[in-house]
Amino acid sequence: MENQELFIQGSRVPERGPDGDLMTLNMGPQHPSTHGVLRLELQTDGEEVASIRPHIGYLHRCFEKHCEKLTPPQIVPYTDRMDYLASMNNNLGFAVACERMLGLQVPEKVEYLRVVVAELNRIASHLVAIGTCGLDLGALTPYFFCFRDREMILDFFEEICGARLLYNYIWVGGLSHDFPEGMDDKILRFCDYFEARIDNELNPLLSFNKIFIGRNAGIGVVTPEQAWAFGLSGPSLRGSGVSFDLRRDDPYSIYDRFQWKVCVGEGLVGQLGDSWDRYWVKVLEMKESLSIIRQALAARPKEGDVREAVPSRVKLPVGEIYCRTETPRGELGYYIVSNGGNLPERVKVRAPAFSNLCIIDEISHGALISDVVAILGSLDIVLGEIDR
Amino acid sequence: MTELMQTFWFWAPFSAVVIAIVITVNALFSVYMERKVSAWMQDRLGPMENGPHGILQTLIDAVKLLLKEDIIARGIDRPLFKLAPYIVFGASFAVFAVTPFADGHAAADLNVGIFFALAISAFVVAGIMMAGWSSNNKWSLYGAMRSVAQAVSYEVPISLVVLSVVMVSGSMSMQEICVSQAGGFWNWHGLSLHHNPFLVLGFLIYFIASLAEVNRTPFDLPEAESELVGGYHTEYSGMRFALFFLSEYANMLAVGMLATVLFLGGWQPLHPALGFIPGPLWLFGKAYGFVLLQMWIRMTLPRLRVDQLMHVCWKVLVPAAMGVLVLGGLWELLIG
C-alpha cells in the first residue's frame with residue numbers, strides 16, 4: 001500500500017496551468033475512445049488540456065418526437081435504442097411510468113422477473129463499462145474477459161425473449177415472455193461462476209493493477225458538492241462518496257424487498273471521487289446485483305401468466321408524471337404528459353449519461369490527453385442515450 | 001577469386017537478401033504468433049478461417065496491404081511523407097547486419113558492432129519524426145513527439161547497460177561478446193551471478209528499456225490507439241503503412257536478438273553438450289522467447305502515462321543503469 005502511494009505521488013501531473021498559447025484538437029467523432037460518436041473539442045497546451053467542449057447530437061434520432069406519434073406499447077421498443085447497453089432498464093423505467101399513470105398493478109411473478117432481468121442487464125452494462133475503461137488505458141485482456149462473461153448474459157436474454165441487445169421484453173403491465181424451463185438454474189450457476197471471476201480474474205488483473213491505479217487514482221476528482229451541483233447520478237455520483245441510489249431511496253418495482261447495500265467510493269487508492277473510485281463502484285455494484293438476483297430467484301412465484309395484466313389498449317389518463325428509475329448509468333427519468341388520447345402528448349427523457357458528461361470540462365482542467373481518455377472511460381457514457 | 005570471395009563486398013548483396021527474407025518471414029510469423037498468443041490468453045480462437053488454424057491469414061493481409069491504394073492526402077509534405085517509411089524500415093533492417101547468427105557468421109562482423117546497432121536503431125526516431133511532422137495531422141504529431149521523447153530517453157539506460165557488457169566482455173564486436181559467454185548458460189552475462197552479478201540487474205534494466213525502445217506495452221504511448229488514433233502512422237495506408245508495420249516487428253525481433261547476444265550468449269548452446277544444434281536455432285529460439293515475453297506483457301498490462309514513462313526512465317532506470325556501470329566496473333576491477 002505504501003508503495004502504491006509512492007508510485008502515485010512520484011508520477012503526479014505537474015501543477016502548472018497552460019501558458020496561453022493553445023492548440024485546438026478535435027477528439028472524435030471518429031475516435032476510438034469517445035465511446036460512440038462524441039466529439040470533444042480540446043484546447044491543449046502540449047499534452048495538457050485547458051478546456052473541453054463536448055459536441056453531441058451525431059446520433060440524434062428524434063426519440064421524443066417519435067413518442068408523440070406512438071402508443072405507449074409502441075414506444076417500448078424505442079426506449080431499447082436509447083441506452084442500448086441496458087435496454088431492460090430502459091424498458092423497465094418506461095413500463096413503471098405508464099403503470100403508475102394507469103394505476104395498474106402487475107402480478108408478483110412479473111415484478112420478480114423484471115428485477116432479475118434488470119439486474120442481469122446492469123451487470124452486462126457494467127461489464128462493458130469496466131472493459132472499455134481498461135481498453136482505453138491499453139489493457140486488452142480484461143476487455144475480452146468482460147465481453148466473454150457479458151456474452152453469457154446475452155445468451156440468457158436470447159433464450160428468454162429472442163433478442164440479444166434490443167429486447168422489447170418489459171411491456172406495460174407485464175412481460176413479453178415467461179422464463180423458459182431451467183432458466184433459474186442457469187442464472188444461478190452463472191452467479192456463482194461470475195462472482196469467482198470478479199475476485200480471481202478482474203480484480204488482480206485490472207482493478208488492483210499498479211499501472212491501472214497509477215493511471216486512474218487522483219484523476220478527474222469530483223467532490224460530493226460538485227457531483228450534486230452537476231446532477232450526476234449512478235456510479236458517477238456514488239463514486240464521490242454520496243450514498244444515493246433510487247432503488248433504495250425512491251423505490252420502484254419491488255426493490256424494497258431485497259437485502260443489499262448501496263456501494264460508494266471511499267478513495268481507496270487515491271482521492272475520493274477520482275476515476276478509480278467511479279470504476280470501483282461498478283465492480284462492487286455487480287456483486288450487489290448478483291445478490292439481488294439470487295434473492296429474487298429464490299423468492300419468485302413459479303406459477304402465473306406474465307401477460308395476464310397487459311392491457312389490450314393502453315390509454316393514459318389525463319395528467320402528467322415524472323418517474324425515475326436507476327439504470328446502470330444513473331437516474332433515468334421519464335416525464336410523460338397525456339391529454340387522455342391514445343398517444344402521449346409529450347415524453348421527455350432525463351438521460352443520466354447526458355448529465356454525467358456535463359462535468360467533463362470541470363474535472364479535466366490541467367489533465368493530460370491520456371487522462372481525458374481515462375476520465376471519459378470512468379464516466380461511462382452511452383451516446384445513444386445522450387443524443388436520443 | 002578466392003580473395004574476392006573473402007571480402008565483405010562480395011557477400012554483402014547475398015547477406016542483404018537473406019536478411020530481407022528473414023525480416024519478411026519474421027513479420028508474417030510474428031503477426032500470426034501475436035494473434036494466436038493473444039487469442040489464447042483472452043479465451044478466443046484467433047484467426048481460424050484461412051488455411052488450417054488461420055495460418056494463411058497474415059499472408060492474405062500482406063497481399064491486401066500491397067494492393068491497397070497509397071493515399072497521400074492534401075496538405076501533406078510529400079517528400080518527407082514518402083521518405084519516412086523507408087528510413088524507419090532501413091534503420092531496423094540495418095541492425096540485422098551486425099547480428100551474429102552463428103560462430104563466424106554475421107553479415108558484417110564490425111569491431112564496433114554493438115555501437116553500430118545502437119546508433120542505427122536510433123535512426124528510427126528520425127523517420128518517425130518525419131512521418132509525424134509531414135502528415136499534417138495533430139494526432140500524428142503527438143505520436144511522433146511522444147515517440148521521440150521516449151526513444152531518446154530510453155536510449156540512455158540502454159547505452160549505459162550495454163557499456164557495462166562491453167566492459168566485461170572486453171569487446172564491442174557482437175561476435176566477440178557471444179564468444180566471451182561460451183561454456184553453458186551459467187556463463188551467460190544475464191544469468192552469471194558468480195561472474196558479475198550486476199550484469200543480471202543490467203539484463204533486467206535492458207529488457208524494460210528495450211520494451212520502451214520498440215514501443216511495446218506498457219510503453220506503447222506513441223501508437224496508443226485509444227488515445228492517439230494511430231499515432232505517427234495515422235495518415236499512412238497501403239504499402240507505406242506495411243513498411244512501418246514490418247519494421248515494428250523487425251524491431252521486436254532485433255531487440256530480442258540484441259538481448260540474446262548481450263546477455264544470453266547469442267548463438268551459444270544452453271550446455272556445451274547441446275552444441276550439435278546449430279547456432280542460428282539457438283539465437284532465434286532465444287530471440288523469439290523475448291518476442292513471446294513482449295506479447296505476454298502486452299496482453300497483461302495497461303499503458304503508462306507520459307509523465308510516468310519519463311519517471312520510470314530518468315528516476316529509476318538511469319540511476320540503476322549508472323549503478324550497474326560503476327559497481328559492475330568495480331567488481332571487474334577488484335574481484336573479476
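Start with the largest nonpolar core of this predicted model, which holds 201 residues. Select Val116(A), Val372(A), Ile375(A), Val88(B), Val161(B), Tyr206(B) and Leu262(B), the members that touch the most others. Then colour helix α10 of chain B, residues 238–263, which gives the most to this core with 16 residues. In soluble globular proteins, nonpolar side chains tend to be buried together.

Stay in chain B and centre on Tyr206(B). Which residues is it in contact with, leaving aside neighbours within four places in sequence? They are Ile158(B), Val161(B), Ala259(B), Leu262(B) and Phe263(B). Of these contacts, Val161(B) and Leu262(B) are also among the core members just selected.

Next, show both chains and select the contact between them. Chain A puts in 28 residues and chain B 24 residues. On the chain A side, select α5 (108–136), α6 (140–161), α8 (210–216) and α15 (369–379), each of which supplies at least two residues. Helix α6(A) has the largest share, 5 residues. Colouring the chain A side by class gives 14 nonpolar, 10 polar and 4 charged residues.

Now hide chain B and select helix α7 of chain A, residues 183–207. A straight helix of 25 residues would span 36 Å, but α7(A) spans only 31 Å between its end C-alpha atoms. Where is the kink in α7(A) centred? Look at Ile198(A), where the kink is about 40°. To see the covered part of the helix, show Ile187(A), Phe190(A), Phe194(A), Leu202(A), Leu206(A) and Ser207(A), its buried residues. These pack against α5, α6, α8 and α12 (275–299) of chain A.

For another helix, move to α4 of chain A, residues 87–102. Its 16 residues reach 22 Å from first C-alpha to last, close to the 22 Å expected. Helix α4(A) is mostly covered, with 14 of its 16 residues buried. Step just past its end to Gly103(A), which takes a positive phi of about 70°.

The next stop is a pair of strands in chain A. Select β7 (residues 330–338) and β8(A); they run antiparallel and 5 bridges join them. Val337(A) stands opposite Arg346(A) in β8(A). Show the side chains along β8(A), residues 346–350, and they alternate. Val347(A) and Val349(A) point to one face and are buried, while Arg346(A), Lys348(A) and Arg350(A) point to the other and are not.

Two residues with unusual backbone angles come next. Most residues other than glycine have a negative phi. Select Ser253(A), in the loop between α11 (246–249) and α12 of chain A. Phi of Ser253(A) is near 45°, a positive value. Ser253(A) counts as buried because it has 20 C-beta neighbours inside 10 Å.

Then bring chain B back and go to Asp43(B), in the loop between α2 (8–41) and α3 (57–67) of chain B. Phi of Asp43(B) is near 60°, again a positive value in a residue other than glycine. Is Asp43(B) buried or exposed? Asp43(B) is exposed, because 12 other C-beta atoms lie within 10 Å.

Finish with Gln150(B), in helix α6 of chain B, residues 138–169. Gln150(B) is buried, since it has 22 other C-beta atoms within 10 Å. Draw a distance from its C-alpha atom to that of Asp43(B): the two residues are 107 apart along the chain, and the atoms are separated by 33 Å.

Methods. Residues are numbered from 1 along each chain as its sequence is written. Chains are lettered from A and ligands numbered from 1 in the order in which they are written. This is a predicted model: local features need pLDDT of at least 70, side-chain atom pairs count only at pLDDT 80 or more; totals for chains, interfaces and linings use all residues. Two residues are in contact if their C-beta atoms, placed from the backbone, lie within 7 Å. Helices (H or I, at least four residues) and strands (E, at least two) are DSSP runs, numbered from the N terminus. Ala, Val, Leu, Ile, Met, Phe, Trp, Tyr, Cys and Pro count as nonpolar, Asp, Glu, Lys and Arg as charged, and the others, Gly among them, as polar. Two strands pair if DSSP finds at least two bridges between them. A nonpolar core is a set of buried Ala, Val, Leu, Ile, Met, Phe, Trp, Tyr and Cys residues joined through C-beta atoms within 7 Å. The expected span of a helix is 1.5 Å times one less than its number of residues. The bend at a residue is the angle between axes fitted to the seven residues ending there and the seven starting there.
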